[in-house]
Amino acid sequence: DIHTYTLFSTPNGPVFCNPWFYIQENQLFMKKPFDYESRPGTCTINIRARDSHGNFRTDHIVVTVADIDEPPSDILLGRNSVYENQPAGTEIGKFITKDDEKDTVHNYSLISGEGDTDNRLFFTEGNILKTAEILDYESKDKLNIRVMTIADDGSALTKMFVIEVLNRKDPPMLSNIGNLSTDDEASVRAYFTVGDQDTHMGNLKISASSDNPRVMPHANIEIKGTGADWSLILTPVKGE
């Protein structure tokens with residue numbers, strides 16, 4: 001005999017999963033994949049078989065949704081920015097891996113490959129990304145790293161991240177001035193340079209003071225210069 005199969009619903013009875021399936025001839029198909037993590041266990045469908053004479057029979061069929069090991073689907077970083085001039089070892093953010101296997105342990109590492117340009121500036125400690133050295137906004141404000149996560153079942157995933165270096169007001173820079181010597185009847189001149197990454201040279205104010213005004217009064221310290229190049233003319237008190 002020839003049999004025809006259909007899905008049907010009844011007002012009473014168990015909750016059916018008919019909308020998830022369809023039938024072609026004598027084959028049952030899913031309309032879309034099941035996800036064990038969102039719908040674990042079993043799913044019941046209601047099927048009717050009818051022959052060419054109009055006779056029919058109905059039955060419940062239980063479809064079991066089985067779990068399979070799936071690789072990680074994504075790597076997330078809780079924070080992807082850090083202020084400049086922080087000491088090496090500063091924490092940036094924590095990695096989180098999206099994985100259907102909820103109890104899986106993941107290990108993180110920086111690996112070579114596309115997007116690894118600035119790997120050397122960072123390191124991982126557990127699931128934490130940290131700086132390996134002091135970062136400078138003015139040198140480079142966006143850094144690229146490549147990260148791999150490996151689950152304890154051996155499945156792995158790699159992803160590229162951009163780490164943003166945030167600007168912070170830098171203090172002015174003053175070059176080293178070596179020790180000087182002179183007698184009490186001659187002036188001496190000290191040369192030095194100044195700079196500031198965040199302030200225009202014309203807005204820098206330069207001052208100097210003496211810790212022994214009896215020998216070197218404040219008034220005897222003359223400051224000269226423009227731009228980055230400056231000098232101090234120091235005139236001691238005679239006899240002192």
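User: In this predicted model, is Cys43 buried or exposed?

Analyst: The model is a prediction, and within it Cys43 is buried, because its relative accessible area is 1%, where buried means under 20%.

User: Which residue forms a disulfide with Cys43?

Analyst: The general idea comes before the case. A disulfide is a covalent bond between the sulfur atoms of two cysteines. Here Cys43 is joined in this way to Cys17, with 1.7 Å between their sulfur atoms. Cys17 also counts as buried, at 3% relative accessibility.

User: How many disulfides does a search of the whole structure find?

Analyst: The search finds one disulfide.

User: Which parts does the pair of Cys17 and Cys43 tie together?

Analyst: Cys17 is placed in the loop between β1 (3-7) and β2 (21-24), and Cys43 belongs to strand β4 (residues 41-51), so the bond ties together parts that are 26 residues apart in sequence.

User: I should next like to read the salt bridges. How many salt bridges does the count come to?

Analyst: Side chains of opposite charge can pair when their charged atoms come close. In this structure the count comes to six salt bridges. One of them is formed by Asp118 and Lys140, whose closest N and O atoms are 3.1 Å apart. Asp118 lies in the loop between β9 (106-110) and β10 (122-125), while Lys140 lies in the loop between β11 (128-131) and β12 (142-151), so parts 22 residues apart in sequence are tied together.

User: Are Asp118 and Lys140 buried, partly exposed or exposed?

Analyst: Asp118 counts as buried, at 5% relative accessibility. Lys140, with a relative accessible area of 33%, is partly exposed.

User: Which residue meets Glu133 in a salt bridge?

Analyst: The side chain of Glu133 meets that of Arg120, at 3.8 Å from N to O. This pair links distant parts of the chain, 13 residues apart: Glu133 is in the loop between β11 and β12, and Arg120 is in the loop between β9 and β10. At 35% relative accessibility Glu133 counts as partly exposed, whereas Arg120 is exposed, with a relative accessible area of 59%.

User: Which residue forms a salt bridge with Glu240?

Analyst: Arg214 is the partner of Glu240, and their closest N and O atoms are 2.2 Å apart. The two residues link distant parts of the chain, 26 residues apart, with Glu240 in the segment after β17 and Arg214 in the loop between β15 (188-195) and β16 (221-226). Glu240 counts as partly exposed at 42% relative accessibility, and Arg214 counts as exposed at 52%.

User: Which residues gather in a patch of negative charge on the surface?

Analyst: The patch brings together Asp35, Asp67, Asp69, Asp152 and Asp153. Asp69 may serve as an example. Its place is in the loop between β5 (56-65) and β6 (74-77). Asp69 is exposed, because its relative accessible area is 62%, and exposed means over 50%.

User: I turn now to the backbone. What is the phi of Glu25?

Analyst: Most residues other than glycine have a negative phi. Glu25 has a positive phi near 55°, although this residue is not glycine. Glu25 stands in the loop between β2 and β3 (27-30), and is exposed, with a relative accessible area of 71%. Asn85, which is not a glycine, also has a positive phi, of about 65°. The place of Asn85 is in the loop between β7 (81-83) and β8 (91-98), and this residue counts as partly exposed at 38% relative accessibility.

User: How far apart are the C-alpha atoms of Gly154 and His106?

Analyst: Separation along the chain and separation in space are read as two values. Gly154 and His106 are 48 residues apart along the chain, and 9.5 Å separates their C-alpha atoms. Gly154 lies in the loop between β12 and β13 (156-166) and counts as exposed, at 53% relative accessibility.

User: Where is Val237 placed, and how far is Val237 from Asp183 in space?

Analyst: Val237 is in the segment after β17 (229-234). From C-alpha to C-alpha, Val237 and Asp183 are 9.7 Å apart in space, with their positions 54 residues apart in sequence. Val237 counts as partly exposed, at 27% relative accessibility.

Conventions
Residues numbered from 1 in each chain as written. Predicted model: local features only at pLDDT ≥ 70, side-chain atom pairs only at ≥ 80, totals over all residues. Heavy atoms only, no water. Patch = residues over 30% accessible without salt bridge, like charges linked within 9 Å, V, L, I, M, F, W, Y side chains within 5 Å. Areas by Shrake-Rupley, 256 points an atom, 1.4 Å probe, with all protein chains shown as cover. Salt bridge = Lys/Arg side-chain N within 4 Å of Asp/Glu carboxyl O. Lys, Arg positive; Asp, Glu negative; His and termini not counted. Charge placed at Lys NZ, Arg CZ, Asp CG, Glu CD. Helix = DSSP H or I, 4+ residues; strand = E, 2+ residues; numbered from the N terminus. Buried < 20%, exposed > 50% of the residue type's maximum accessible area, 1.4 Å probe, protein only. Disulfide = S-S within 2.5 Å.
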